[in-house]
Structure formats: C-alpha cells, structure tokens
Amino acid sequence: MHTPGVNGVYGVDELEATGSAVVQAHERGHDLGDWRLIGERMRAASCRLCGQLAWIVRPPGEENWRVGGNALNADCEGGC
C-alpha cells in the first residue's frame, strides 16, 4: 500500500479504516494495490490479482470512515 505520509495528510480514523479494509481483503486472498483518491471523502484500491475493489468513505456530516467493497466480501479469484 502506498501512502505518502501521515503528518497532516491522513487522520487516525482514515488510517484505521484503510487498515481494516486491507486486513479484511487480505483474509479473502486479495492483494490490494495503491489507494486512489476519489474525491475528498473517498479512497479506493483494487486487488492486483483479480481487480475486485475495496473502498473507504466518510459520508457528509459524519466523522467516522466506513469500509466496503466486493474485495471485502468475496474470495480472490485471481490467486493461486
């Protein structure tokens, strides 16, 4: 996972959500690539093996980030 830094760039809640998504995806056999910025409140990464997506989002008016995506709910089909 590529992250440019923590100081003033990422909040703790965002890092915790990203970490949670990475762990959940890994438990299903996925290898997530770089996280891409999709607007101010959303980040997404796809599995390098099968292309399934994991995302984190912070809905308007909320402080906490949420995780989701098919890479968190389905096994990787691109691995060995």
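The following paragraphs describe the confidence, sheet, core and cysteines of this predicted model.

The mean pLDDT of the chain is 88, and 85% of the residues reach at least 70. Among the elements of the chain, the highest mean pLDDT, 97, belongs to β3, and the lowest, 93, to β1. Residues 1-8 stand apart from these elements in the account, since for them pLDDT stays under 50. The model has ten contacts beyond four places in sequence for that segment.

The sheet is a suitable place to begin. Four strands, in the order β1-β2-β3-β4, form an open sheet with antiparallel pairing. Its edge strands are β1 (36-37) and β4 (66-68), each of which pairs on one side only. Between β1 and β2 there are two bridges, and Leu-37 stands opposite Arg-43 in β2. The antiparallel pair of β2 and β3 is joined by five bridges; here Ser-46 has Leu-53 of β3 as its bridge partner. Three bridges then connect β3 to β4, again in antiparallel fashion, with Val-57 opposite Arg-66 in β4.

The side chains of β3 merit separate attention. In a regular strand, side chains alternate between the two faces of the sheet. Along β3, Ala-54 and Ile-56 point to one face and are buried. Leu-53, Trp-55 and Val-57 point to the other face and are not buried.

Both buried residues of that strand reappear in the core. The largest nonpolar core consists of eleven residues: Ala-17, Ala-21, Ala-25, Leu-32, Trp-35, Ala-45, Ala-54, Ile-56, Trp-65, Ala-71 and Leu-72. The elements that supply two or more residues to this core are α1 (12-27) and β3 (53-57). The greatest contribution comes from α1, which gives three residues. Ala-54 illustrates how parts of the chain meet here. Beyond its neighbours within four places in sequence, Ala-54 is in contact with several residues of the core, including Leu-32, Trp-35, Ala-45, Ala-71 and Leu-72. Its contacts also include Arg-43, Ala-44, Gly-68 and Gly-69.

The connection between β2 and β3 comes next. This hairpin has six residues between its strands, and Gly-51 adopts a positive phi near 85°. Gln-52 lies in the same loop, between β2 (42-46) and β3. Is Gln-52 buried or exposed? Gln-52 counts as buried because its relative accessible area, 12%, falls under the 20% limit. Outside its neighbours within four places in sequence, Gln-52 is in contact with His-30, Ala-45, Ser-46, Cys-47, Asn-70, Ala-71, Ala-74 and Asp-75. Of these partners, His-30 is 22 residues away from Gln-52 in sequence, with a C-alpha to C-alpha separation of 8.2 Å.

The cysteines remain to be considered. A disulfide is a covalent bond between the sulfur atoms of two cysteines. How many disulfides does a search of the whole structure find? The search finds zero. Cys-50 is in no disulfide, and the nearest cysteine sulfur to its own is that of Cys-76, 3.7 Å away. Why is there no bond between Cys-76 and Cys-50? The separation of 3.7 Å is too far for a bond, because a disulfide requires the two sulfur atoms to lie within 2.5 Å. The accessibility of the two residues falls into separate classes: Cys-50 is partly exposed, at 29% relative accessibility, whereas Cys-76 is buried, with a relative accessible area of 17%.

Key
Residues are numbered from 1 along each chain as its sequence is written. This is a predicted model: local features need pLDDT of at least 70, side-chain atom pairs count only at pLDDT 80 or more; totals for chains, interfaces and linings use all residues. Side-chain values use heavy atoms; hydrogens and water are left out. A nonpolar core is a set of buried Ala, Val, Leu, Ile, Met, Phe, Trp, Tyr and Cys residues joined through side-chain atoms within 4.5 Å. Buried means under 20% relative accessible area, exposed over 50%, partly exposed in between (1.4 Å probe, protein chains only). Contact means heavy atoms within 4.5 Å. Two strands pair if DSSP finds at least two bridges between them. pLDDT is the predictor's confidence in each residue, from 0 to 100.
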